[in-house]
Amino acid sequence: MKVVLQRVKEASVTVRKEKISEIKKGFLLLVGVTHNDTDEDLKYLVNKIVHLRIFEDENNKMNLSIKDVEGSILSVSQFTLYGDTKKGRRPSFIKAAKPDKAEALYDAFNKGLRTEGIVTVTGEFGAMMDVALVNDGPVTMIIDSKDR
């Protein structure tokens, strides 16, 4: 699994002209799933994200986690994170997991975040979404469960 994490002041998802999810301070997560991802991959990512210290403390040092600042998460499924652009001009998405597997792992990932006590809202799996955000910093991290 691969996650693009953006620290945000606010973020929202709109589907078919209706705002379906929004958060204030926290993380916008773009979440991609590939064929060989397992429960171990999602557990690793949940643990990493929940405890990642990228919010400033009183000394302006990145020293606080999302739990410490009582932030929220907006999690958005993003199969295009596994787009391969090596050949030609049109990306190939053969590295992205099939929708049934991807949705099951994505749902379990979000449940894991909620189990850790983080308010977690989502986009709509498989839908065309408009994602709006105010990036805080900007702070953007790419976390890949295969890099552990």
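Buried means a relative accessible area under 20%, exposed means over 50%, and partly exposed lies in between, with a 1.4 Å probe and protein chains only. The model is predicted, so local features need a pLDDT of at least 70 and side-chain atom pairs count only at pLDDT 80 or more, while totals for chains, interfaces and linings use all residues. Residues are numbered from 1 along each chain as its sequence is written, and side-chain values use heavy atoms, with hydrogens and water left out.

**Exercise 1. Salt bridges**

Find how many salt bridges there are, and work out which parts of the chain are tied together by the pairs of Glu124, Asp37 and Asp84.

Solution. Start with the rule: a salt bridge is a side-chain nitrogen of Lys or Arg within 4 Å of a carboxyl oxygen of Asp or Glu. The background is that side chains of opposite charge can pair when their charged atoms come close. Under the rule, the count is eleven salt bridges.

Step 1. Glu124 pairs with Arg16, and their closest N and O atoms are 3.0 Å apart. Because Glu124 lies in the loop between β7 (119–122) and β8 (130–144), and Arg16 in the loop between β1 (2–15) and β2 (18–23), the pair ties together parts that are 108 residues apart in sequence. Helices (H or I, at least four residues) and strands (E, at least two) are DSSP runs, numbered from the N terminus. Glu124 is partly exposed at 29% relative accessible area, whereas Arg16 is exposed at 64%.

Step 2. Asp37 and Lys146 meet in a salt bridge with an N to O distance of 2.9 Å. Asp37 sits in the loop between β3 (26–32) and α1 (39–51) and Lys146 in the segment after β8, so this pair ties together parts that are 109 residues apart in sequence. Asp37 is buried, with a relative accessibility of 3%, while Lys146 is partly exposed at 40%.

Step 3. Asp84 forms a salt bridge with Lys95, with the closest N and O atoms 3.7 Å apart. Both Asp84 and Lys95 lie in the loop between β6 (72–77) and α2 (99–115), so the pair ties together parts that are eleven residues apart in sequence. Asp84 is partly exposed at 21%, and Lys95 is partly exposed at 37%.

Step 4. Through shared partners, salt bridges join Asp37, Asp41, Lys146 and Arg148 into one network.

**Exercise 2. Nonpolar cores**

Determine which residues of the largest nonpolar core touch the most other members, and which elements give two or more residues to this core.

Solution. A nonpolar core is a set of buried Ala, Val, Leu, Ile, Met, Phe, Trp, Tyr and Cys residues joined through side-chain atoms within 4.5 Å. The largest nonpolar core has 27 residues, of which Leu5, Phe27, Leu29, Ile49 and Phe109 touch the most other members. The elements that give two or more residues to this core are β1, β3, α1, α2 and β8. A second, separate core has twelve residues, among them Val4, Ala11, Val13 and Met129.

**Exercise 3. Helix α1**

Work out how the span of α1 agrees with its number of residues, and on which side its buried residues lie.

Solution. Step 1. The expected span of a helix is 1.5 Å times one less than its number of residues. For the 13 residues of α1 this gives 18 Å, which agrees with the 18 Å between its end C-alpha atoms.

Step 2. In α1 the buried residues are Asp41, Leu42, Leu45, Val46, Ile49 and Val50. They cover an arc (taken from the directions from the helix axis to the C-beta atoms) of only 150° around the axis, which puts them on the same side of α1.

Step 3. Leu45 is buried, at 0% relative accessibility. Leaving aside residues up to four places away in sequence, Leu45 is in contact (heavy atoms within 4.5 Å) with Met1, Lys2, Val3, Phe109, Ile143 and Ser145.

**Exercise 4. Backbone exceptions**

Find which residues are joined by a cis peptide bond, and where Lys17 and Asn60, which have positive phi values, are found.

Solution. Most residues other than glycine have a negative phi, and most peptide bonds are trans. A cis peptide bond, with omega about 0°, joins Gly137 and Pro138, and Pro138 is in strand β8. Lys17 has a phi near 65° and is found in the loop between β1 and β2, where Lys17 is exposed at 84%. Asn60 has a phi near 60° and is found in the loop between β4 (55–56) and β5 (62–64); Asn60 is exposed at 64%.
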